[in-house]
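Reader: I should like to learn how to read internal cavities in a protein model. Please begin with the general idea and then turn to the case at hand.

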Amino acid sequence: MSDLVAAEAIDHLYGQLSHSLGSFQKQHHEADRLKALKAAQGPTQVMCVRIAIDMGIFVTLTERNRPVPLAELAAPRGASPILAERVLRVLAGIGYVSECGERTYAPTAMTRQMTVRLSIVMMMFIIFDVGMPTLAKVPEFLRRIDFHNPEGPTTGALQFVERTDKVIWDWIPGHPDYMESCNTFKEGDRGSRPSWLEWFPVQERLLDGACTEGDGAVLMVDVAGGRGHDLAAFAAKFPDVEGRLLLEDLPRVLEESSVDATWIEKLPFDLFKPQPLHAARVYYMKFILHDWSDEDNQRILQQLAGAMQKGYSKLIIEEFVLADRDCAMLQAMWDWEMLVFCNSMERSQAQWTRLLESAGFRVMKFWSPPGDGQGIIEAEVKE
Ligand SMILES: C[S@@+](CC[C@H](N)C(=O)[O-])C[C@H]1O[C@@H](n2cnc3c(N)ncnc32)[C@H](O)[C@@H]1O
């Protein structure tokens, strides 16, 4: 690997790590998180964290909650103490454990964080098992396509590395561990950033003016909503609203959803087929359109537009809106993650506007989030 490519890989890895750590639920002191982030800048450090998960080091230290000698940390998986020490040396350097004597280690906030399911999933699936092999090959992939901006769900770096021609959503179910990890990741991908329900004027823009009388009236459809965490959050925040709430996704994803059926109905569907629910007040889409090319999105959006009632139905898109300069690092890195996983991209305001216009929509307003998270794009079908 040339120095330049290695440096790019490390920068990218750092971004991925930064993104994933940024998404950790706040169970630890912020200063610890930043310290650990700063330290864990290279593939070797990330590799050691990944090995430590397999060796059960974080779990053992967290359970003991006291200084633990090396032999005790190596024991759970029968690891050679020398190998465990090589891993722990690095973990101590980046604050994932602390050294409190020779070959004796104590848990830190990061140790405990690495026993949280979402953190493990991030490190294992997103960063290491799928992310790393793919990102290591991205430079070669881009050389092969003469540095054209890649797009298309079956011809990306992931397909190049995994030697598949499947769309990621059809490839993941062939790897049951990844399926569970991926669904868990989706539930935590907003991390500690505030939910749109905290800052978007839901009452004024969506609930006022909603016609929810009659049994069939649909208030909100979460279009490809995964296992339904966003709709469940909506139902919890607005428990008294009238009107049906519907969760749509692929059948195999809905089967894994345990949303409360007294509030939320499930409807298997396909983004590329006509939207089965007509004239809902709100069609909500989070992190869907950034998975696809403009061409695929036009097809998706046109299927949706066919079901929307002009002047009444609203399309609420929760996505990053990239700044034209001084783009937040989190968003710039997510853009690369989209290349790595979906062969797609994040979009700027102008790109979103162009896409939506081309599919028969009018953007009513771009709503900016308080921090560096996803914004809300409010759109309606054109009159
Ligand atoms: C990035 S996830 C976003 C899920 C959810 N909206 C969220 O933000 O957590 C994309 C979702 O699209 C779904 N999906 C992919 N292809 C689909 C298709 N052809 N029809 C319906 N859903 C699809 C996946 O199952 C997945 O749940």
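Author: On a 1 Å grid over the protein atoms alone, a cavity is a set of points where a 1.4 Å probe fits but cannot get out, and lining residues have an atom within 4 Å of a point. Grid points are joined across faces, edges and corners, and a volume is the space filled by probe spheres set on the points. This is a predicted model, in which local features need pLDDT of at least 70, side-chain atom pairs count only at pLDDT 80 or more, and totals for chains, interfaces and linings use all residues. Residues are numbered from 1 along each chain as its sequence is written, and side-chain values use heavy atoms, with hydrogens and water left out.

Reader: How many cavities of 30 Å³ or more does the structure hold?

Author: There are two. The largest cavity encloses about 40 Å³, and the second largest has a volume of about 30 Å³.

Reader: Which element gives the largest share of the lining of the largest cavity?

Author: Helix 17 does, with three residues; helices are DSSP runs of H or I, at least four residues, numbered from the N terminus. The lining includes Ile 300, Gln 303 and Leu 304. Of these, Ile 300 and Leu 304 are buried in helix 17 (under 20% relative accessible area, 1.4 Å probe, protein chains only).

Reader: Where does the second largest cavity lie?

Author: It lies between domain 2 (124-188) and domain 3 (196-381), because both give residues to its lining; the bounds come from an automatic or database domain assignment. Among the lining residues are Trp 169 and Trp 292.

Terms used
Buried means under 20% relative accessible area, exposed over 50%, partly exposed in between (1.4 Å probe, protein chains only). Helices (H or I, at least four residues) and strands (E, at least two) are DSSP runs, numbered from the N terminus. On a 1 Å grid over the protein atoms alone, a cavity is a set of points where a 1.4 Å probe fits but cannot get out, and a pocket is an open set with protein on both sides within 12 Å along at least five of seven lines; lining residues have an atom within 4 Å of a point.
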